[in-house]
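I opened this notebook to keep track of what I looked up, one entry at a time. The entries follow the order in which I went through the model.

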Amino acid sequence: MTAVTIQCCAPIVREPLSETDAADLAVMLKAVADPVRLRLLSMIGSHAGGEACVCDLTDAFDLTAPTISHHLKVLRTAGLIDGERRGTWVYYRIIPEAVNRLGALFAPLTEPTPRSVELELTPA
């Protein structure tokens with residue numbers, strides 16, 4: 001028999017965040033707290049090939065190009081996306097580590113239970 005410890009709770013309920021982690025995560029959470037930015041992040045991440053041209057993003061909103069650029073800059077400054085200029089256009093892609101860090105903060109969020117669960121594994 002082998003005992004395996006499995007984390008039962010999301011990091012946010014497993015232990016208090018450090019001051020640095022809380023500050024870093026707050027910047028990312030603030031960036032996605034805006035509906036336009038959340039949609040932009042989703043559009044970039046779900047776009048074919050994993051990147052989207054700014055020209056493909058602007059038509060989805062009833063906003064000016066400078067406003068879309070501002071929202072993209074906020075997402076980029078927060079470390080959630082990166083961009084690359086190709087000729088006239090900028091192509092954006094999600095930074096998986098940053099988005100995964102946000103997701104891991106809450107998932108899997110279960111009812112607070114003991115810090116870990118011991119499982120007894122027996123050979124089949």
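**Entry 1: a strand and its partners**

I began with Gly 83, and I found that its bridge partner in β4 is Tyr 92. I kept in mind from the start that this is a predicted model. Next I looked up Ala 52, and its bridge partner in β4 is Tyr 92 as well. I then turned to the strands themselves, and I noted that β3 (residues 81–86) and β4 (residues 89–94) run antiparallel and are joined by six bridges. Within this pairing, Ile 81 stands opposite Ile 94 in β4. Strand β2 (residues 51–53) also pairs with β4, again in the antiparallel sense, over three bridges.

I followed the chain from β3 to β4 and saw that the two form a hairpin with two residues between them, where Gly 87 in the turn has a positive phi of about 65°. Close to this entry I also wrote down a charge over a ring: the charged end of Arg 86 sits over the ring of Tyr 91, at 4.5 Å from the ring's centre. I searched the whole structure for aromatic pairs too, and the search found zero.

**Entry 2: the chain as a whole**

How many helices and strands does the chain have? I counted six helices and five strands, and read along the sequence they follow the pattern β-α-α-α-β-α-α-β-β-α-β. The chain has 124 residues, of which 24% count as buried. It exposes about 8000 Å², and carbon and sulfur atoms supply 59% of that area. For the contacts between residues at least 6 apart in sequence, I noted that 68% join residues at least 24 apart.

**Entry 3: two residues of helix α5**

I looked up His 71 and placed it in helix α5 (residues 65–77). Is His 71 buried or exposed? His 71 counts as buried, because its relative accessibility is 9% and the cut-off for buried is under 20%. The side chain of His 71 makes a polar contact of 3.1 Å with the side chain of Arg 37. Leaving aside residues up to four places away in sequence, I listed Asp 34, Val 36, Arg 37 and Leu 40 as the residues that His 71 touches.

Leu 75 is also placed in helix α5, and I recorded it as buried because its relative accessible area is 0%. With the same allowance for sequence neighbours up to four places away, Leu 75 touches Ala 31, Val 32, Arg 37, Leu 40, Leu 41, Leu 80 and Ile 81. I also checked the spacing between Leu 75 and Ile 94, which are 19 residues apart along the chain, and their C-alpha atoms are separated by 9.5 Å.

**Entry 4: a residue of helix α3**

My last lookup was Met 43, whose place is in helix α3 (residues 35–46). I wrote Met 43 down as partly exposed, because its relative accessible area is 21% and buried would need a value under 20%. Which residues does Met 43 touch, not counting those up to four places away in sequence? I found Asp 56, Leu 57, Ala 60 and Phe 61. For one of these, Asp 56, I also noted the spacing: it lies 13 residues from Met 43 along the chain, and the C-alpha atoms of the two are separated by 9.2 Å.

Terms used: Residues are numbered from 1 along each chain as its sequence is written. This is a predicted model: local features need pLDDT of at least 70, side-chain atom pairs count only at pLDDT 80 or more; totals for chains, interfaces and linings use all residues. Side-chain values use heavy atoms; hydrogens and water are left out. Helices (H or I, at least four residues) and strands (E, at least two) are DSSP runs, numbered from the N terminus. Buried means under 20% relative accessible area, exposed over 50%, partly exposed in between (1.4 Å probe, protein chains only). Contact means heavy atoms within 4.5 Å. Rings of Phe, Tyr and Trp (its six-membered ring) pair if their centres lie within 6.5 Å; planes under 30 degrees apart count as stacked, over 60 as edge-to-face and the rest as tilted. A charge sits over a ring if NZ of Lys or CZ of Arg is within 6 Å of the ring centre and within 35 degrees of the ring normal. Accessible areas come from the Shrake-Rupley method with a 1.4 Å probe; for residues, only the protein chains shown count as cover. Two strands pair if DSSP finds at least two bridges between them. A polar contact is a pair of N or O atoms within 3.5 Å; within protein, one must be able to donate a hydrogen and the other to accept it, and residues adjacent in sequence count only if both atoms are side-chain atoms.
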